[in-house]
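Biologist: Could you walk me through this one? I would like to hear the reasoning behind each label.

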Amino acid sequence: MTGYLASFEPAMREALAEATARSNAATTGDADVPVGAVVLDGAGTIIGRGHNQREAACDPTAHAELVALRAAGQSRGSWRLDGCTLVVTLEPCTMCAGALLAGRLARLVYGAADPRAGAAGSVWDVLHDPRLGPPVEVRGGVLAAECASLLHAFFARRR
């Protein structure tokens, strides 16, 4: 991978590190799916991190993306995340795509596509629906094989 997409590889590695922490915990009985996310400000600095915590927090909304967006909002002192980028290991679901729109993020970068529930182009394209607001720039496939491998390994252990 070269050029523009390659510039997001370091941030995706940070998101993978978030997801990997969950993956390592999964071997000790944690049931959270290993998805990680980071939010970058306009300068590329990480201002929010998150990993799935639905099972651990007993919270259906504790997806990695929402955890990272909440942390970014706290860091910025505002829910408005204009100019920010969400980098996540798995294509967001409809809830998380809606949160990107609500937070006014400029860009989404994801690793593995989600052909079952992806809302950034795979199943739905929430981020480009003109009825929901300005479109969000979407770039998929950054370190896709590594992101998918982490998920495949997690589900293989569960079977």
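Biologist: What makes strand S4 largely enclosed by the rest of the structure?

Modeller: A word of caution before we start: this is a predicted model. Buried means under 20% relative accessible area. Six of the six residues of S4, residues 107-112, are buried, so the strand is largely enclosed by the rest of the structure.

Biologist: How do you know that S3 and S4 pair?

Modeller: Pairing needs at least two bridges. Five bridges join S3 to S4, so they count as a pair, and the two strands run parallel. As one example, Leu86 has Leu108 in S4 as its bridge partner. S3, H5 and S4 together make a right-handed β-α-β unit.

Biologist: Which sense does the pairing of S4 and strand S5 have, and over how many bridges?

Modeller: S4 and S5, residues 137-140, pair in the parallel sense over four bridges. There, Arg107 stands opposite Glu137 in S5.

Biologist: Let us turn to H4. How do you know that its span agrees with the expected one?

Modeller: H4 covers residues 64-76, and its 13 residues should span 18 Å at 1.5 Å a residue. The end C-alpha atoms are 18 Å apart, so the span agrees. After H4 comes Gly77, with a positive phi near 75°.

Biologist: Which residues of H4 are buried, and what do the buried residues pack against?

Modeller: The buried ones are Ala64, Glu65, Leu66, Val67, Ala68, Leu69, Ala72 and Gly73. Their packing partners are strands S1 (36-40), S2 (46-51) and S3 (85-90), along with helix H5 (94-102).

Biologist: Now the rings. How many aromatic pairs does a search of the whole structure find?

Modeller: The search finds two aromatic pairs. One is formed by Tyr4 and Phe8, at 5.3 Å centre to centre and 90° between the planes.

Biologist: Why is the pair of Tyr4 and Phe8 called edge-to-face?

Modeller: Ring centres must lie within 6.5 Å, and planes over 60 degrees apart count as edge-to-face. With 5.3 Å and 90°, the Tyr4 and Phe8 pair meets both conditions, so the name fits. The pair of Phe154 and Phe155 is edge-to-face too, with 5.0 Å between centres and 80° between planes.

Biologist: Why is Phe154 called buried, and what is Phe155 called?

Modeller: The cut-off for buried is under 20%. Phe154 has 1% relative accessibility, so it counts as buried. Phe155, with a relative accessible area of 33%, is partly exposed.

Terms used. Residues numbered from 1 in each chain as written. Predicted model: local features only at pLDDT ≥ 70, side-chain atom pairs only at ≥ 80, totals over all residues. Heavy atoms only, no water. Phe/Tyr/Trp six-rings, centres within 6.5 Å; stacked < 30°, edge-to-face > 60°. Buried < 20%, exposed > 50% of the residue type's maximum accessible area, 1.4 Å probe, protein only. Expected span 1.5 Å × (residues − 1). Contact = heavy atoms within 4.5 Å. Right-handed = clockwise from strand over helix to strand, strands pointing away.
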